[in-house]
Amino acid sequence: MDTQNNNMNTGTDQQTPQNTPTDNQQNPQGAEAQGNQNQQTPQDNNPSGGTLLSGAGKATGAPDTYDFTASLPDGMELDQDTADSFGELARGMNLTNDQANELAKFGYDWAGKVGEAYQKAQQEEADANAAAAMKELGKDFEPTVARAGVLMNYLERQIPGIRDSFAGSAVFSSLPMLKAFALLGDLISEDGGIKTNTAAATKEDNPYPNTDWESLKR
């Protein structure tokens, strides 16, 4: 009996390690959490994240100062206040200098297209005003333009560049404005103390400097 008991005890001692669970078996959630932590570790190397322009997860590294010379259209200058303001915006987006210049170039291109569309619309309206004035005034159209040209010529001498300002807006080519300019031109002509140009109106001194008259006569 003692021999048998000793054998049984010996067998029990050998089986004991097989019934002892490992740490991962006792706490499977801990093992899963440890695995997730290992997977998340690489993301800590890029705390800044990415941007729409740089791609997610790719650091950009904004410079301390930006140089927007490369994005300026020919002949255009950028004032320092605007450069500083846009630089702060670009830095907040963590853009590199190249990325900031690409964004600036897009803005310049867009502004140029808007300006061209505005000028085209103004010219089309001025042409329509000229056609309407020709139709209403008939044979008096050219004499009226000549009288208005006296005012335009006088104003240009007193305020250089004002003719271009008038030409930039179709408001000044409307029939009511043409009549007003002609009336003021008459008053200037009657003032003996004012030297006026009484020659026929030309492209440079009439309210429609950009209008193609030949196309309107067809």
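In the predicted model, N94 has a relative accessibility of 22% and therefore counts as partly exposed, since the term buried is reserved for values under 20%. This residue lies in the loop that separates α4 (80-92) from α5 (97-137), and its phi is near 60 degrees, a positive value in a residue that is not glycine. Most residues other than glycine have a negative phi.

The largest nonpolar core comprises 16 residues, and those with the most contacts inside it are F141, F166, L178 and F181. Two or more residues of this core are given by each of the elements α5, α6, α7 (162-167) and α8 (175-190), with α6 providing the largest share, namely seven residues. Another core, of seven residues, lies apart from it and includes Y66, F68, A83 and A104.

Helix α6 itself spans residues 141-158, and its 18 residues reach 26 Å from the first C-alpha to the last, close to the 26 Å expected at 1.5 Å a residue. Its buried residues are F141, T144, V145, A148, G149, V150, L151, M152, N153 and L155; of these, F141 is also among the residues with the most contacts inside the largest nonpolar core.

Confidence varies along the chain, with an average pLDDT of 74 for the protein and a score of at least 70 for 60% of the residues. Over residues 3-17 pLDDT stays under 50, and the model has zero contacts beyond four places in sequence for this segment. Over residues 198-204 pLDDT likewise stays under 50, although six contacts beyond four places in sequence are present there in the model.

Terms used:
Residues are numbered from 1 along each chain as its sequence is written. This is a predicted model: local features need pLDDT of at least 70, side-chain atom pairs count only at pLDDT 80 or more; totals for chains, interfaces and linings use all residues. Side-chain values use heavy atoms; hydrogens and water are left out. Helices (H or I, at least four residues) and strands (E, at least two) are DSSP runs, numbered from the N terminus. The expected span of a helix is 1.5 Å times one less than its number of residues. Buried means under 20% relative accessible area, exposed over 50%, partly exposed in between (1.4 Å probe, protein chains only). pLDDT is the predictor's confidence in each residue, from 0 to 100. Contact means heavy atoms within 4.5 Å. A nonpolar core is a set of buried Ala, Val, Leu, Ile, Met, Phe, Trp, Tyr and Cys residues joined through side-chain atoms within 4.5 Å.
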